[in-house]
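Notebook open, coffee poured. I want to look through this one chain by chain and jot down what I find.

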Amino acid sequence: MLFAIQSLPFLWQGLLVTLHISVLIVFFALIAGTILGIGIVYGPGWLYWPIRLYSDFFRGIPLLVLIFFMYYGLPVFKVNLNNFAAVVLALTAFKTAHVIEVVRGAIQSIPKGQTEAAKSIGLTFGQRLLHVIVPQALRRFLPPWINAVVDTVKGSALVSLVGIVDLMLAIQQVIGRTYRPMPLYVLGAIMYFVINYTLSLASRRLEARFAYIRE
Amino acid sequence: MSQPSALSPVVRVRGLKKSFGPNRVLDGIDLEVRKGEVVVVIGPSGSGKTTLLRCINLLESYDEGSVQVDGVEVGFREGPGGARHRRGDRELSKIRADIGMVFQLFNLFPHLTAQENVMLGLRKVRGLPAAEARQVAARWLTRVGLGDKLDSLPSQLSGGQQQRVGIARAVAMEPKVLLLDEITSALDPELVGEVLNVVQELARDGMTMIVVTHEMTFARDVATRIVFMDGGRIQVEGTPREVLAKTDHDRLKAFLARIEMKRH
């Protein structure tokens, strides 16, 4: 057991890398996905198909293919990204597609009458979004979005395959030295679980907080 | 606020046409509503009454003709040479702020209390400071008999109470005309009265209104004019006495008989 405890600082470094990557991806995907999601619902017709195509395409290919493409494939086009930039780009592109769908679903779940009532008292588009649609859509948005965040943390383990020492690769390196896989995989699993279970709890808490609408 | 002269109508609809696909819903409507008038629009479902109402505040766009509220064309801005340009969101919002609407399904904002529902437009559109908006909202809610429900969420109110909040939300903006779209159709029969009483009071106070309803007794009592629509056209128009006594018009007669039958 001692070696497992001795390896903790090293695993901690890996965990920080995992969190760092996840936070970046979640942040960029939230911004890009929200803008594109609003674009697909309210935007002009010429905006619909490009976003639709993007969302369907990126949700339709395996994440690992996307990571390898960004890291090993792009140099063919004279675009050389380091492994960190490549994985952040790949995972952000992938997650953005999910956020688009979550935003779209959340907005479209709000009855049309809400927009009409907001129009009828003279609210402008921005005001309708800010004061009427978003507060209601938030409740529909949060649970699937936090699912997507959990998926991101788990999916980020794939970055170990292009040589980034995240939690996953840190675990494997310790195993490589000690030839004792079991305790370390258990330890790693617990670390992933603690992060994601905390997120799930937060999600449930938030859902209750926004439960002012009774159907 | 600019006072329209006694001669210029608050709402003027000219040659209004509107189709949904191959379906012509409005087939040339002419209608003028003067200040303080209460025009009740009746007619079978599918006759275009609701669409007419929704064209007046451009929740529905129209294909041909003209809709003016207080002398301003709602759907278009006239460019040089009389070219029509669709109005942008900002211009439209400004026009809509002066046209109140109450909906069949209330459409209250479920995340806001009764008072906040009424305040939203006052704050964001009229630009009133919070304290003043709160006061105005409370005053209107008290007038519709909900002075003790200011902090209730819509989900905590009965249908009749919700609809009265809907009316307060619309009239608090001091609109030039109020559009009522079958506002009692979704209510239990015993709640209809409390809502219609509020409308009747507004009528007495001189609010200009266009009312789509199936409540004939109410129409007779409150209307300065009744308009009977069928097939996207206005078929009969006149005072309640004239219209309801006009038994030589077949379609109107059939419609009134059907309504009468449903009541008994």
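Before counting anything: helices (at least four residues) and strands (at least two) are DSSP runs, numbered from the N terminus. I also note that this is a predicted model.

**Entry 1: chain A overall**

I started with the element count. Chain A comes to nine helices and zero strands. Reading along the sequence, I get the pattern α-α-α-α-α-α-α-α-α. I then looked up the extent of the C-alpha trace, which spans about 70 × 45 × 20 Å along its principal axes. Of the 215 residues in chain A, 35% are buried. I checked contacts between residues at least 6 apart in sequence too, and in chain A 78% of them join residues at least 24 apart.

**Entry 2: one helix of chain A**

I picked helix H4 of chain A, residues 63-73. Which of its residues are buried? I found Leu66(A), Ile67(A), Met70(A) and Tyr71(A). Looking down the axis of H4(A), I see these buried residues fall within an arc of 115 degrees, so they line one face of the helix. That fits the textbook: an α-helix has 3.6 residues a turn, so residues three or four places apart point the same way. On the other side of H4(A), I noted Val65(A) and Tyr72(A) as exposed. I also asked what covers the buried residues, and the cover of H4(A) includes helix H5 (83-108) of chain A.

**Entry 3: where the chains touch**

Next, the contact between the chains. I find 19 residues of chain A in contact with 23 residues of chain B. On the chain A side, helix H6 (112-120) and helix H7 (125-155) each supply at least two of the touching residues. By class, that side of chain A has eight nonpolar, eight polar and three charged residues.

**Entry 4: the six-stranded sheet of chain B**

Over in chain B, I traced an open sheet of six strands in the order E8-E9-E10-E3-E11-E12, with mixed pairing. Strand E8 (99-102) and strand E12 (233-238) of chain B stand at the edges with a single partner strand each, so one side of each has no neighbour in the sheet. Neighbouring strands here are turned by 20 degrees against each other on average, direction ignored.

I zoomed in on one pair. Strand E9 (residues 177-181) and strand E10 (residues 209-212) of chain B pair in the parallel sense over four bridges. Leu178(B) has Met209(B) in E10(B) as its bridge partner.

**Entry 5: the four-stranded sheet of chain B**

I found another open sheet in chain B, with four strands in the order E2-E1-E4-E5 and antiparallel pairing. Its edge strands are E2 and strand E5 (72-73) of chain B, each pairing on one side only.

Strand E1 (residues 11-20) and strand E2 (residues 23-33) of chain B pair in the antiparallel sense over eight bridges. In this pair, I see Leu16(B) opposite Ile29(B) in E2(B). E1(B) and E2(B) form a hairpin with two residues between them, and Gly21(B) in the turn has a positive phi of about 60 degrees.

Strand E4 (residues 64-69) of chain B and E5(B) also pair in the antiparallel sense, over two bridges. There I noted Val69(B) opposite Val72(B) in E5(B).

**Entry 6: the nonpolar core**

Which residues touch the most other members of the largest nonpolar core? Out of 129 residues, I get Val41(B), Val177(B) and Ile210(B). The largest share of this core, 14 residues, comes from H5(A).

I followed up on Val177(B). Leaving aside neighbours within four places in sequence, Val177(B) contacts several residues, among them Val10(B), Val69(B), Ile99(B), Met209(B) and Ile210(B).

**Entry 7: two spot checks in chain B**

Is Asn117(B) buried or exposed? Asn117(B) lies in helix H3 (residues 114-124) of chain B. Asn117(B) has 27 C-beta neighbours inside 10 Å, and 20 or more is the cut-off, so I logged this residue as buried. Not counting residues up to four places away in sequence, Asn117(B) touches Leu108(B), Phe109(B), Leu112(B), Val165(B) and Arg169(B).

For the other check, I chose Ala254(B), found in helix H9 (residues 250-263) of chain B. Ala254(B) has 12 other C-beta atoms within 10 Å, and 12 or fewer means exposed, so I logged Ala254(B) that way. I also took a distance: the C-alpha atoms of Ala254(B) and Thr208(B) are separated by 29 Å, with their positions 46 residues apart along the chain.

Definitions and conventions:
Residues numbered from 1 in each chain as written. Chains lettered and ligands numbered in written order. Predicted model: local features only at pLDDT ≥ 70, side-chain atom pairs only at ≥ 80, totals over all residues. Contact = placed C-beta atoms within 7 Å. Nonpolar A, V, L, I, M, F, W, Y, C, P; charged D, E, K, R; others polar. Pairing = 2+ DSSP bridges. Axes fitted to C-alpha atoms, helices over the stretch in contact; angles between N-to-C directions. Arc of directions from axis to C-beta. Core = buried A, V, L, I, M, F, W, Y, C linked by C-beta atoms within 7 Å.
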